[in-house]
Structures are given as C-alpha cells and as structure tokens.
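Grab a pencil and work through these short exercises with the structure open beside you. Each one sets a task and then walks through a solution.

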Amino acid sequence: MDSQFSFSAQARGSALFHYWETCVGAGRANEGLRANWLEQLQLATQECGFRYIRFHGLFHDDMFVLSKRENHYHYNWQYIDELFDRLLKIGIRPIVEFAFMPTALASGEQTIFWWKGNVTPPADYNQWAQLIQQVTEHWITRYGLDEVRNWYFEVWNEPNLSVFWSGTQAEYFELYRVTATILKGIDARLRVGGPATSNYLPKGDTISRPAGKYGKYTELELRNDTVEWEAVWIKDFLTFCEEHELPVDFVSTHPYPTDLAIDLAGEAQAFTRNNSATVRDLTHINKIVRESAYPTAEIHLTEWNSSPSPRDFAHDYLPAAAFVARANIEASGLVTSLSYWTFTDVFEENGGGHSIFHGGFGMINFQGIVKPTFHAYRFLHLLGDEELYRGEGGIFTRHSQNNAISGLLYHYPTELTTAIPTAETPADAERILRIGCTRTVHLELTDLMPGTPFLIEIVDEHHGFAYHIWQELGCPEHPTREQIAELKAGAWNTKKIYVSADEQGNLSLDLSLEPWSLASIRTY
C-alpha cells in the first residue's frame with residue numbers, strides 16, 4: 001500500500017520525547033568488565049543516544065560484593081566501582097537492578113542461567129537492608145549525591161516467574177518494602193520502583209502453563225485477537241504500596257509481544273501477538289498507573305524485544321528493525337522508557353552463542369558487527385524533538401535548536417498482521433524477510449529554504465544488513481580479521497541518496513521502499 005506525506009517545514013510542531021533512547025539492556029554486570037562489551041556500549045551510546053543501561057547480576061557472586069567470614073559480613077565494591085566508573089565515563093547511567101541474591105545472604109540454592117544467579121529470598125531481610133544501605137552510601141560517597149539522584153533503583157527481576165524468584169508474591173513485596181524504605185531513609189529523592197514483572201498474559205490466565213498450551217483460551221481466540229491482555233502483578237503491587245504507604249517513583253514491567261515469558265533453552269514455541277501489541281500494552285499500563293494512587297509515577301519498561309528468546313534468528317534479520325521503528329513511533333507519548341533487550345550479543349544467559357549470528361538479542365553481534373536493529377535506533381535518535389507530521393509508515397520532525405528536518409519511514413508489510421514471529425532457524429527468518437511487496441512513498445515538503453540539501457539513508461536487504469554478506473563469505477564461524485572488517489564495513493554500507501529543495505523551497509519526491517526497509521530523510 002502506497003502512502004503520502006505532505007506538510008510544511010514551518011508547521012507548528014508538538015513535543016516528541018525520545019523515550020526509545022532512555023534505556024537499553026545488557027545481560028549481566030560481570031560481562032560489562034570486558035573490552036568488547038564496553039567498546040560496543042560506547043558505540044551504541046554515541047550513535048543511538050542511550051542515556052541509561054540496565055542489567056542483571058549486580059549482586060551475583062562473580063561481582064564479589066558480599067562474603068561471610070567468621071560469622072561477619074564483608075563488603076567489596078571493587079568490581080562494581082570498575083563497572084560504574086566506566087559507564088559514567090562513556091556517558092551512560094545505570095538503572096540499578098538490585099539482584100540476584102549473594103550466596104552469603106541466600107535462603108536457598110535455586111539458581112538460574114549457566115552462571116547460577118541465586119533467585120531465593122534473603123535469609124535475613126535485615127542483612128539485605130544493610131547491603132542496600134552500604135552500597136548506596138558508597139555510591140553517594142564515590143559519585144556524589146547529585147549524581148546518584150539521577151539514577152533509578154529497580155527491585156529484582158521478574159519475580160512473578162518462579163525461575164527468577166523462588167519466593168511468594170508476599171515475600172517479593174516485603175523485599176520491595178525493605179529496599180524502598182532504606183533508599184528513602186538515605187535520601188528522599190532517590191528513585192525506586194518495581195515490580196519488574198514479565199510479559200503480559202491473556203486476562204485470567206496463569207504464567208505456569210507450558211509453552212504451546214493456551215490456558216483458558218483457544219488458539220483461535222488468541223489468533224483472532226479477541227483476548228484482553230493484562231500486565232502481571234502491577235495492580236497488586238500498586239495496591240500493596242498504597243496500603244503500606246510506600247513510595248513508587250516508577251513502575252516497571254516487560255511487554256514482550258508473545259505469550260511466552262522466558263525461553264531458557266532457545267527451543268520453546270511462543271505465540272506471537274498482533275502487530276499492535278506493543279502500543280496496546282503501553283496504553284494499558286499507562287491507564288493503570290494514571291488511575292492509581294501514584295498517577296505521576298514514571299513508567300519504565302525495562303525489557304522489550306520481538307521475543308524473549310536469545311536464540312531467535314529474527315533478531316539478526318532486517319524485519320526486526322522495521323518492528324522496532326514501527327512500535328516505538330506508534331507508542332510514543334505513553335511511557336518514560338521502552339528498553340531494548342539488549343544492545344550486544346556479549347550475553348551469556350544460555351552460555352556463549354554457537355555462531356557469530358545465532359539469533360542473539362543484541363543489536364550488535366559478538367564481533368562488533370551492527371545489525372539492522374542498530375540502524376533502527378540510530379535513525380530514531382536522528383529524529384528531532386518536535387513532531388511535524390505522522391502518517392502510515394513514518395514520522396517527520398524538526399529540531400528546535402536549528403530547525404533541521406528529520407524523518408523516518410519504515411515498510412512493515414500489511415501482509416503480516418502479527419509482531420515478528422519467532423524464527424527458530426535462519427530459514428524461518430528468511431521466510432519472514434520474503435513477506436510483502438515494494439511500496440512507494442510520495443513526499444511533498446514545502447516552505448524550506450531554496451536549495452536545502454537532504455540526505456536519504458536507506459537500510460534494506462542489500463544495504464546495512466550483514467547477515468547476507470556473511471552467507472556470501474560461506475558463513476565462516478571463525479572469521480578472519482579481514483572477514484570481520486569486511487562484515488563491519490558491509491553492515492555500515494547503507495544506501496545514500498542526495499536531493500535538494502527547488503528554488504521555491506519545495507521538496508517533492510517518490511521513494512520506493514522494499515519490504516522491511518527503513519529510510520532516514522534529513523537535512524545536512
């Protein structure tokens with residue numbers, strides 16, 4: 001379906017908040033001590049504008065924060081200091097996820113991931129409170145209170161899932177109560193929130209059902225999109241906090257557009273929801289929060305992707321970029337952040353990836369090769385802070401500081417009515433890529449300065465997409481340094497077209513977009 005964008009460069013704009021670059025995710029804290037992780041984060045921060053980062057495992061034993069010797073607790077902040085010093089030097093702040101449980105404080109032995117993060121409640125909540133107090137006061141001493149007031153403190157990760165929290169809902173609420181009380185006792189302006197629960201569920205369904213089973217609903221009801229989906233634990237959490245007069249500076253959850261909350265083995269079948277699932281979910285949680293006792297609380301969606309699987313080949317392919325662009329543009333104005341999970345394939349929940357392209361979450365692969373989703377976030381970052389015009393498949397903006405025009409077009413084929421399906425194999429991802437037909441976008445932009453130059457930068461199957469270049473090289477699993485350099489160059493080799501406004505200050509053009517492609521149109 002063709003589309004048309006017609007507007008004046010001098011039109012009155014409305015504020016556009018770049019919530020898509022508020023935060024980005026990463027795997028675990030210890031991975032952040034590696035050179036390639038830090039190099040890739042610096043690239044993502046510079047090119048995509050990310051301001052905060054969130055990751056698991058800050059209190060995991062491989063960060064050595066707490067030990068117990070001769071019945072006394074000993075704190076060690078060296079590893080956290082090394083990581084946080086480097087984050088702040090790069091120019092990105094933490095959304096601190098307080099997790100997982102140090103062995104010295106754990107009430108049990110249940111763990112998750114190959115690196116064995118302990119997911120049990122504290123054996124002693126008073127000692128947990130001491131840990132929170134000691135580390136927070138250390139941060140204030142090291143970085144200054146004004147800096148730490150700019151951080152966010154999130155209590156745990158997905159406690160509604162038994163694999164992440166072996167305790168009950170009541171025990172999680174107690175963990176939140178203790179943590180929030182300690183933080184506000186240190187300084188009332190420190191920002192705390194939760195419950196960081198997993199993806200939405202069909203109304204009245206449970207999280208315990210196995211993948212491929214549809215609970216109280218039939219598969220037909222789910223596929224016909226007649227089911228109401230709900231955020232997990234959010235209302236219960238807000239009610240508990242209200243009843244106990246606890247602070248909630250932000251509410252957090254993880255709106256993956258599937259019915260499957262976590263795929264530890266990379267093998268589970270997930271139901272993919274309608275292609276409007278993200279905007280619906282954000283509208284849903286916005287309404288809950290605004291009607292609660294905490295109507296001014298920020299909303300941070302601290303994990304999000306097309307699926308929660310770290311072995312989904314769709315993550316490596318072009319359609320994921322169109323999904324990112326569409327969802328973020330459609331849902332603008334509803335939440336404070338929608339954090340892409342994750343910026344890098346230096347990520348080891350399931351262990352290391354078996355291939356250089358293994359369907360990992362990252363927008364950058366292990367070798368530092370950017371994927372199409374990286375370009376999606378780069379193009380989103382290039383948008384201005386004033387929205388001028390929004391149409392089917394795109395948005396045009398203006399930068400208030402210099403009146404520069406910047407637009408983003410995406411081609412998400414109407415033939416696919418769901419979010420990007422999980423691709424268990426590269427062949428599955430390739431079939432998704434073949435969906436849809438080329439469409440034409442007609443642009444009429446008026447009231448420019450005569451001769452205003454524009455750059456049109458396009459990411460499509462043949463430009464800015466490294467996976468097919470890797471295939472042409474024979475899919476080397478241990479690429480040489482020369483091959484890595486070629487793949488990196490190909491991943492950045494976007495298509496560039498230069499055009500200018502005419503003598504009357506008008507820009508008129510027809511742009512042909514292949515399925516799943518993205519185009520950034522901007523003055524330069």
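**Exercise 1.** Work out how much surface the protein exposes and what share of it carbon and sulfur atoms supply.

*Solution.* Keep in mind that this is a predicted model. Start with the total: the protein exposes about 20100 Å². Then split that area by atom type, and carbon and sulfur atoms turn out to supply 47% of it. Now turn to what is hidden: of the 524 residues, 61% are buried.

**Exercise 2.** Decide how compact the protein is for its length.

*Solution.* First, list the parts: there are 13 helices and 24 strands. Next, compare radii: the radius of gyration is 23 Å, close to the 24 Å from the globule rule for 524 residues, so the protein is as compact as a globular protein of that length. For the outline, the C-alpha atoms fill a box of roughly 80 × 50 × 50 Å along the principal axes. Finally, check the contacts: among those with a separation of 6 or more, 78% join residues 24 or more positions apart.

**Exercise 3.** Find out whether Ala-519 is buried or exposed, and what it touches.

*Solution.* Locate Ala-519 in strand 24, which spans residues 518-523. Its relative accessibility is 0%, and buried means under 20%, so Ala-519 counts as buried. Leaving out residues up to four places away in sequence, Ala-519 has contacts including Phe-379, Gly-407, Leu-408, Glu-457 and Leu-511. Last, try a C-alpha to C-alpha check: Ile-456 sits 63 residues from Ala-519 in sequence, yet 6.5 Å away in space.

**Exercise 4.** Find how far apart the mean positions of the positive and negative charges are.

*Solution.* Count 41 positive and 67 negative charges, then take the mean position of each set: the two are 2 Å apart.

How values were computed. Residues numbered from 1 in each chain as written. Predicted model: local features only at pLDDT ≥ 70, side-chain atom pairs only at ≥ 80, totals over all residues. Heavy atoms only, no water. Helix = DSSP H or I, 4+ residues; strand = E, 2+ residues; numbered from the N terminus. Rg over C-alpha atoms; globule rule 2.2 N^0.38 Å. Buried < 20%, exposed > 50% of the residue type's maximum accessible area, 1.4 Å probe, protein only. Contact = heavy atoms within 4.5 Å. Areas by Shrake-Rupley, 256 points an atom, 1.4 Å probe, with all protein chains shown as cover. Lys, Arg positive; Asp, Glu negative; His and termini not counted. Charge placed at Lys NZ, Arg CZ, Asp CG, Glu CD.
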